Amino acid sequence: MKYLLVFVFSIFGLLVLMSSQQQPTANFAPKAKLSEYGLFTGNLMEMRPSEGVIPYELNTPLFSDYAGKLRFVKLPPGTVVNYNDTEVFDFPVGTILVKTFYYTHDFRDESKGRTLLETRLLIHEEKSWLALPYVWNETQTEAYLEVAGAEKPIQWKDLKGKKQGINYVIPNMNQCKGCHNRKEKLSPIGPSARQLHGEMTYADGVSNQLQKWKSRGMLVGLPENLKEVPRVPVWNDPQSGDLNSRARAYLDINCAHCHRPDGPANTSGLFLQVHEENPTALGIQKTPVAAGRGSGGLNFDIVPGNPDASILLYRMNSHDPGVMMPELGRQLIHQEGVALIREWIQSLK
């Protein structure tokens, strides 16, 4: 009876929300339970992908309050992705992107288990993408559609063994558009050539992700020489790239989905894409378009050599809702990310 009521209210909320903003195609009906999509086989919580569902990873992912993420993609039969070296791939209609958020109980030892909190589906319909949040139950046996979002308390031990915890917020359907916004349409953020250009361990061994997609007939147009393919480093791995490239990769994934010419923060004039070359657009000695509490009384977005005089770092280092950036998708300060950007600004001349 409990899940029947959840299903009824979820479908009612879904119809109300879709009538105002998201219009799915007539032949698509959101499912009440994650298992009904057939994306995974066996025990659902183990997240073993079914045939045709491919796991993927990003070199530098978006920070989400230290949550881990499991990512998968499923293309419709007979379709492909066309390679491009700049933007997120343009996936064919019918594609499902899957992202499950979880917390390992002890960050020092993954064998101690994890708690799955939510699985977000992005489904490419004919006119746009549709976001569907599925919330995992306490027994970790199923995730249920919750169009209105939810909150779930979660605790974990960090890499220093210190107990941490938050009231984890699962966004509703329409809040997803706050970040996944391109030209006022909901769009994916992560899976681009530069983010997928790296190795991943699959069931049949280790392979470069782009080459894996090509070998499975999913990706066409990939250059034969992978040296021609752009790649962002792993933000916290000095072996994968220098300080500048790692900092730019971090800003690109955490900020540039809004701070770009066709993003919702375009009026700021602050553009943080990894390929931005204009120093002023990047924020160097740039005055903010709108001053206020969010500026912290500082004068420039980035002051080379002076992190503490830089608005960018000030806003990253805050959890005040009226100050912090990014303003959505996090409650905690990403201390390690702040340290990276601090070191980068300090190095600028």
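**Overall fold and nonpolar cores**

The protein chain contains six helices and 16 strands. The model is predicted. Of the 349 residues in the protein chain, 51% are buried. Among contacts in the protein chain with a separation of 6 or more, 54% are made by residues 24 or more positions apart. The protein chain has an accessible surface of about 17100 Å², and carbon and sulfur atoms contribute 52% of this area.

In soluble globular proteins, nonpolar side chains tend to be buried together. Here, the largest nonpolar core comprises 25 residues, and the most contacts inside it are made by Val73, Phe89, Phe91, Trp213 and Leu219. Two or more residues of this core come from each of β3 (53–56), β8 (129–136), α2 (193–196), β14 (199–202) and α3 (209–215). A second core of 23 residues lies apart from the largest one and includes Met47, Leu116, Leu132 and Leu145.

The surroundings of Val73 were examined further. Beyond its neighbours within four places in sequence, Val73 contacts Gly52, Val53, Ile54 and Tyr56, together with Phe91, Thr95, Ile96 and Leu97, as well as Trp213 and Met218. Two of these partners, Phe91 and Trp213, are also listed among the core residues with the most contacts.

Helix α4 (residues 243–255) has 13 residues, for which a rise of 1.5 Å a residue predicts a span of 18 Å; the end C-alpha atoms are 18 Å apart, in agreement. The helix is mostly covered, with 11 of its 13 residues buried. The buried set consists of Leu243, the run from Arg246 to Asp252, and Ile253, Asn254 and Cys255. Cover for these buried residues is provided by elements including α2, α5 (311–316) and α6 (335–347).

Key. Residues numbered from 1 in each chain as written. Predicted model: local features only at pLDDT ≥ 70, side-chain atom pairs only at ≥ 80, totals over all residues. Heavy atoms only, no water. Core = buried A, V, L, I, M, F, W, Y, C linked by side-chain atoms within 4.5 Å. Buried < 20%, exposed > 50% of the residue type's maximum accessible area, 1.4 Å probe, protein only. Helix = DSSP H or I, 4+ residues; strand = E, 2+ residues; numbered from the N terminus. Contact = heavy atoms within 4.5 Å. Areas by Shrake-Rupley, 256 points an atom, 1.4 Å probe, with all protein chains shown as cover. Expected span 1.5 Å × (residues − 1).
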